[in-house]
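User: Could you take a close look at one part of this model for me, the place where two helices meet towards the end of the numbering? Some words on the sheet would help too.

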Amino acid sequence: MTQEAFQQIAHTIPLQPGIYKYYNKENELLYVGKAKSLRKRVSSYFSKTYVGYKTHELVKRIHRIEFTIVDSEQDAFLLENALIKEYKPKYNIELKDDKTYPYIVVKREPFPRIFLTRRKLNDGSEYIGPFTSAGKVRELIEFVKQYIPLRSCKLNLSKENIQSGKFKVCLEYHLGNCKGPCEGLQSIEDYQNGIQQMRNILKGNLGSVIAQFKEEMQQNATDLAFEKAEIVRKKIEHLENYQSSSVIVSKHLNNIDVFSIAKDDNKAFVNYLMVQNGTIVQTHSIPVETKLEETEEELLVLVMGELRSTFNSMAKEIIVPFPIDYPDPTVLITIPKAGDKRKLLDLSLKNVAYFKEELRKKKLLQLEGKTEAEQKKVLYELQRYLQLNEAPIHIECFDNSNFQGAYPVSAMVCFKNGIPSKNDYRRFNVKTVEGINDFATMKEVVYRRYKRVKEESLAFPQLVIIDGGKGQLGSAMDAFRDLDLIGVTTVVGLAKNEEEIFFPGDAESIKLPWNSDALKLVRRIRDEVHRFGITFHRNQRSKGTFKNELEQIAGIGKATIDELLRNFKSVKNIKQQSEQALAEVVGINRAAILTNHFRNQK
C-alpha cells in the first residue's frame with residue numbers, strides 16, 4: 001500500500017484503542033499490533049520519516065487493514081497476544097519456545113492423587129505450574145511425599161468402596177508413607193489438610209507448613225508420644241534446611257515477577273524469574289526472533305505478557321531494567337536501584353547474559369559439526385549474491401568499540417570455511433587517533449592489519465567486511481589505497497541495523513534475501529566481531545588500561561565507580577541523577593562529592 005493510498009483511508013481509522021491487522025493481496029495475515037490510538041499508530045507505518053528497512057518491506061505488502069476497537073489498552077494487549085498465538089503472522093516476533101511444560105496435577109477424585117503431567121485437561125482437576133523442569137517437578141513431588149503422607153495408588157476410594165471394606169492397606173501404609181484412607185483410617189478432612197500443605201510447599205510458603213508441624217510436635221509431646229514428636233521434629237529440621245538452601249532473596253518480599261532482556265540486531269533474549277514469598281520458584285529464559293524494528297521495550301512487554309500467561313502469574317509487581325509502558329494499571333512496575341529488588345534484577349541480567357552466550361556457543365558448535373560440502377554451500381551462495389570472483393573461504397570482519405564516547409579500540413574476527421578461526425582473531429589498541437573518530441580508527445587498524453599481512457606474505461582473505469557503513473568503508477579503502485592493495489581482495493561495508501551491504505563507490509546497497517543462509521552467515525560474523533570487540537574493551541577497562549572521568553574525582557574509589565556504572569550504565573546518566581538518587585546507591589557523603597564535582601563543571 002502506498003502512502004497516497006493510505007491517506008485516502010486514514011480518516012476512517014478510529015482514534016480509540018484496539019488492535020490492527022495487516023493483510024496482503026492473497027488475504028494472508030501479515031502482522032497484528034496493538035495501539036492506544038489506532039489512527040496514530042497505523043499512520044506511523046506510512047510516515048515518510050520512517051526509514052526502517054524491515055518495516056518498509058512490510059508496508060509494501062499491505063493490501064488491506066482491519067481493526068478491532070476495545071475498551072482499554074489492557075484489552076488490546078490481551079487480544080493482540082491471543083491473535084499472535086493463534087495465527088502466528090509472518091512479521092510478528094517469534095517466541096522460540098515450543099516446549100510442553102510439566103504440571104503437578106491434584107486429581108479431581110476422592111482423596112486426590114498428585115503426580116506429574118504434561119497434558120492439561122479440562123477435567124476439573126487442579127493443575128499447579130507449569131514448571132520449567134520435569135526433573136525439578138519429580139524432585140518436588142518426592143520432597144512433598146517425605147513429609148506429607150499422600151496416597152500413590154490408583155484405587156477408586158469412593159465412600160461406598162471404603163465402607164464395604166473392599167481394600168486393604170498396602171506396604172506404603174506400613175512404611176509410613178500413607179495413612180490408609182483405603183480402610184477408612186484417614187478422614188477426608190485430614191487428607192485435604194495434607195493437600196493444602198503440599199500447595200504451600202510448592203509455592204515456597206514453607207513457614208505455614210513448619211508452624212503446623214511445630215503444633216503437631218508440641219501436641220505429641222504433651223500426649224507423651226515422644227517417638228512421634230521426634231519424627232515430626234526431624235521433618236521440621238529438614239524443611240528448615242531445604243528453605244535455607246532455596247534461592248531466597250528476602251522473606252519480606254511477596255510475589256514479584258522479574259524480567260530482563262539482552263538484544264542483538266535481529267534477536268533478543270529474555271529471562272524471567274518468578275518470586276513467591278521471597279523465594280525464586282521459577283526461572284526461564286527464551287530467545288525471541290524480531291521481525292521489524294521493535295524496541296527493547298516493545299519486545300519485553302510482549303514477551304512479559306506471554307510468559308506471565310504461560311506460568312499463570314498473578315504477581316502485582318514487576319521488576320524490569322528500564323521504564324516500560326505496561327498496559328495493566330493494577331500492576332506496579334519497579335526499576336530498582338539498590339536493595340533486595342536490585343539483587344533480583346542483577347540475577348536476572350546474569351541469567352539472560354549466560355543464556356545468550358550459551359546459545360551463541362551452541363550455534364558455533366553446530367556450524368563446526370557440518371560437513372565440508374554443507375559449509376561451502378553457504379559460501380557459494382554468498383559468492384553468487386555478491387558476485388565475487390571466487391567463494392569467500394576466508395573472511396575477515398572489523399568493528400570499532402568505545403565506552404561512553406571515549407577510549408576507542410577495534411577488533412577483527414576471521415571465518416574460514418564458514419566457521420570461526422579464533423587463532424586468527426586480532427585486537428587493536430588505537431595508537432594514532434586522538435578522541436573519538438570512527439573513520440580514522442578504522443583506517444588505522446585496517447592499515448596495520450594488512451601492512452603486516454603484506455610484509456609477512458600471509459594469505460589475504462577473499463572478503464573483508466567493514467562493520468559500520470559507507471563512512472568506515474571509505475576509510476578502510478583509503479588504507480588499502482595507501483598500501484597499494486586495491487583489487488587484491490573484495491571489501492564491503494555492512495550498514496548497522498539495516499543489514500545492507502555496500503561496495504566502494506556504489507550508490508545503492510545490496511540486500512541479501514531475508515532469512516537466506518548467506519545473510520545468516522553475515523549476521524553471525526557481525527555478532528561475533530561485536531562480542532569479541534566488547535569483551536576486549538571490557539577486559540582492558542578492568543585491567544586499568546582506561547581511566548574515565550569518575551576516577552579523577554577525589555574521594556571516589558573503584559568500588560564506588562563500579563556500583564555507579566552498574567546502576568546507571570554511563571557517566572552521562574550519572575551526571576543526570578539527583579543527589580538523592582545517587583545517595584540511594586553510594587551513600588550521602590559520596591553523593592555530595594559527585595554532585596559538587598558535576599556542578600563545578602558547569
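Analyst:
**Where α14 meets α15**

This is a predicted model, so take what follows in that spirit. Helix α14 covers residues 438-455 and helix α15 covers residues 470-482; their axes come within 8 Å and cross at roughly 35°. As for the hand, α14 and α15 make a right-handed crossing.

Now for who touches whom. On the α14 side you've got Asp438, Phe439, Met442, Lys443, Val446, Tyr447 and Tyr450. They meet a set in α15 made up of Gly471, Gln472, Ser475, Ala476, Asp478, Ala479, Phe480 and Asp482. Sorted by class, that contact has 8 nonpolar, 3 polar and 4 charged residues.

On to the sheet. It's an open one with 3 strands, ordered β2-β1-β3, and the pairing is antiparallel. β2 (29-35) and β3 (64-69) are the edge strands, each pairing on one side only. From one strand to the next, the twist averages 20°.

Zooming in on one pair, β1 (residues 18-23) runs antiparallel to β3, with 6 bridges between them. Pick out Lys21 and you'll find its bridge partner in β3 is Glu66.

Helices pack here as well. α2 (residues 38-45) packs on the sheet and touches β1, β2 and β3, with its direction at about 30° to that of β1. Helix α4 (residues 73-87) also lies across β1, β2 and β3, and runs at about 165° to β2.

Conventions: Residues numbered from 1 in each chain as written. Predicted model: local features only at pLDDT ≥ 70, side-chain atom pairs only at ≥ 80, totals over all residues. Heavy atoms only, no water. Axes fitted to C-alpha atoms, helices over the stretch in contact; angles between N-to-C directions. Helix = DSSP H or I, 4+ residues; strand = E, 2+ residues; numbered from the N terminus. Left-handed = near helix turned anticlockwise from the far one by under 90°. Contact = heavy atoms within 4.5 Å. Nonpolar A, V, L, I, M, F, W, Y, C, P; charged D, E, K, R; others polar. Pairing = 2+ DSSP bridges.
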